[in-house]
Amino acid sequence: MSADVPQAAYESLMQFLYRAPIGLVQTSLVGSIEMINPTSAQLLMPLSRDGSLDNLFDLIDSLAPQLRGQALASQREGDVICDALRLTPPAAGGAAAQTLSISIARLDGGRLMAVLDDISLQVRQEQHLIERRLRDAALTDAMTRLPNRVALSGPIGDALLRRAGGSGHQFAVLYLNCDRFRRVNDLLGTAVGDGLLSVMAARLQGVLRAGESMAARVGGDEFAVLLGDLASSDDALAIGRRVIDTLGQPCQVSGHALTCSVSGGLLLGDLAEGDVDAVLHDASIAMVEAKRLGGARLVAFEPALRERAVQRGRTEADLRLALAEGQLFVVYQPIIALREPELERRCVGVEALVRWRHPQRGIVPPIEFIGVAEECGLICALGDHVLATAVRQQQCWRDELGPLAPGWTAVNLSRAQLQQPDFVASVQALLAASGLPPQCLQLEVTESMAAQDASVQAVLQQLKALGVVLALDDFGTGYSSLASLHQFPVDVVKIDRSFTSQVDTSQHHRVLVQATVMVAASLGMSTVVEGVETEAQAALVRQLGCDKGQGYLYSRPLEAQALSAWLQPVASPA
Ligand code: C2E
Ligand code: MG
Ligand code: MG
């Protein structure tokens, strides 16, 4: 109490405070209680072991033992010993936990004033708020603010229950995955990738009519949507296509103009089987099928897809083993000079084609496993193995067969191989280690790999700079036209088998082959026609100006040793 406050005023202040709905306690410096108002007594009594309220520090010793020492250590009038310190005594016999707030300040040379309050209600409200936030966080994707997989599971479960109850309620689940999203992350950084996903999330919410559906982010670049209250399955397909179209539109993220198409799988409620996870899985199987078909499209789930997915899973597991156990081997198909009469039927080069000697399935052709290897990331290991084998074999033929050796070996590449950061260096190292001149190696890429992809084109230029020959495989099957042939930095165009097979029956195909040959020649590229099976086809493609031919007419793909024998000159009949 400071000396300039008159005693009467002090008394009336104390009277006022005494009746205040807040706890007030005046003690000595060591905590002996000199004044305590009824509210304090009520708050502190539960802490008293023997029913006495003599010393404040004794009462709260088990909860805040440090205060006694801090009070003694305080130096000046007005020093704050503690401010709104929370004390939570153990709840007795199942009672709700009570929390007290205590503030203590030094009044003067020998006295302390403590203010006590019951803040149990406030603490409970805070706890509820935190719990709600945690619950919301557990159901919300932090980046896009969309509901997450857990949040979507509830409504899908409800839809399944309603259908099981025979409500006739039509619903569908749409599963979306961004095509080649990893490239955005790899090339532009994860911040741009995250920005793109946020754009997609916003578009997704914009394109869906509120109330009829719920969209969620269910994985890195994956979204799922529950479409409810549908009039028909056509409705679901139309919404699915609209979503894919909208999400795949170009956008700007951090100054980058991006276009990332989206693949979608649609599971109609009538085909839903099992629990929520099974439903989402089936929708994702359809999405994977959409990707396999080239992406940027919608595929409706059908049960046969499930079986195919299982089969692919098995192939993937077997393929890992095949790589580890050396079950993959390479065969070589001769490529024949068509135009130089002196080289007639001479094997000018070969194409290396991979095969799989499966312990149960026998020899498996590449069409059954290249796609799986691409999907599961084994293609680089597989492709590197074929490339190394083919390069060694080509050098081996050169050493053993001299002038009879094929002039070059062509090796098929997959996109992922070209995207390996050290691919060009590894080709260079392979050539150096084997001693094979670079012009004896041809690398085949397809239109879809080389078109519209600046990074792939840059790698192709580097390979060309090494002296390696580049070929455009399966020409005519992709989406680019003859007019864009000049954009491909290739030396050879391989005309697809689908043209060869009709060259003798369709004028249209003959014209296309001829036009390809002419455009290629004007660009300084040579042509190889694939899949020559008959003499009639051979004669025609030669007439149309194709430089080289490849096909069963000349030889099927052969193992290295068989090819060596095939290359030996046939003894002319005496
Ligand atoms: P491709 O590169 O266009 O290879 C030519 C395919 O046509 C080969 O099929 C070959 O056996 C087949 N073929 C050749 N002449 C004829 C013919 O006269 N008639 C018919 N009907 N077919 C003929 P294969 O070996 O089954 O390979 C299929 C595809 O698998 C290849 O097409 C290529 O795209 C891919 N592939 C093969 N090996 C590899 C590899 O090591 N890496 C990669 N990434 N892909 C490969
Ligand atoms: Mg090829
Ligand atoms: Mg081909």
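## Exercises: a two-magnesium site and a histidine

Asp473 is buried, with a relative accessible area of 6% (buried is under 20%, exposed over 50%, partly exposed in between; 1.4 Å probe, protein chains only). The model is predicted, with local features needing pLDDT of at least 70 and side-chain atom pairs pLDDT 80 or more, while totals for chains, interfaces and linings use all residues. Residues are numbered from 1 along each chain, ligands from 1 in the order written, and side-chain values use heavy atoms, without hydrogens and water.

**Exercise 1.** Find the protein donors of the magnesium ion (ligand 2), then follow Asp473 to the magnesium ion (ligand 3).

*Solution.*
1. Donors are N, O and S atoms within 2.8 Å of the metal (3.2 Å for Na, K and Ca); water is not among the atoms, so sites may look incomplete.
2. For ligand 2 they are Glu351 (OE), Asn412 (OD1), Glu444 (OE) and Asp473 (OD), at 2.0 to 2.2 Å.
3. Glu351 sits in strand S14 (residues 347-358) and Asp473 in strand S18 (residues 469-475), so this pair ties together parts 122 residues apart in sequence. Strands are DSSP runs of E, at least two residues; helices are runs of H or I, at least four; both are numbered from the N terminus.
4. Asp473 also bridges to ligand 3, the two ions lying 3.8 Å apart.

**Exercise 2.** Is His169 buried or exposed, and which side chain makes a polar contact with it?

*Solution.*
1. His169 is in the loop between helix H6 (149-164) and strand S6 (172-178).
2. His169 counts as buried because its relative accessibility is 11%.
3. Its side chain makes a polar contact of 3.5 Å with that of Arg162 (N or O atoms within 3.5 Å; within protein, one able to donate a hydrogen and the other to accept it, with residues adjacent in sequence counting only if both atoms are side-chain atoms).
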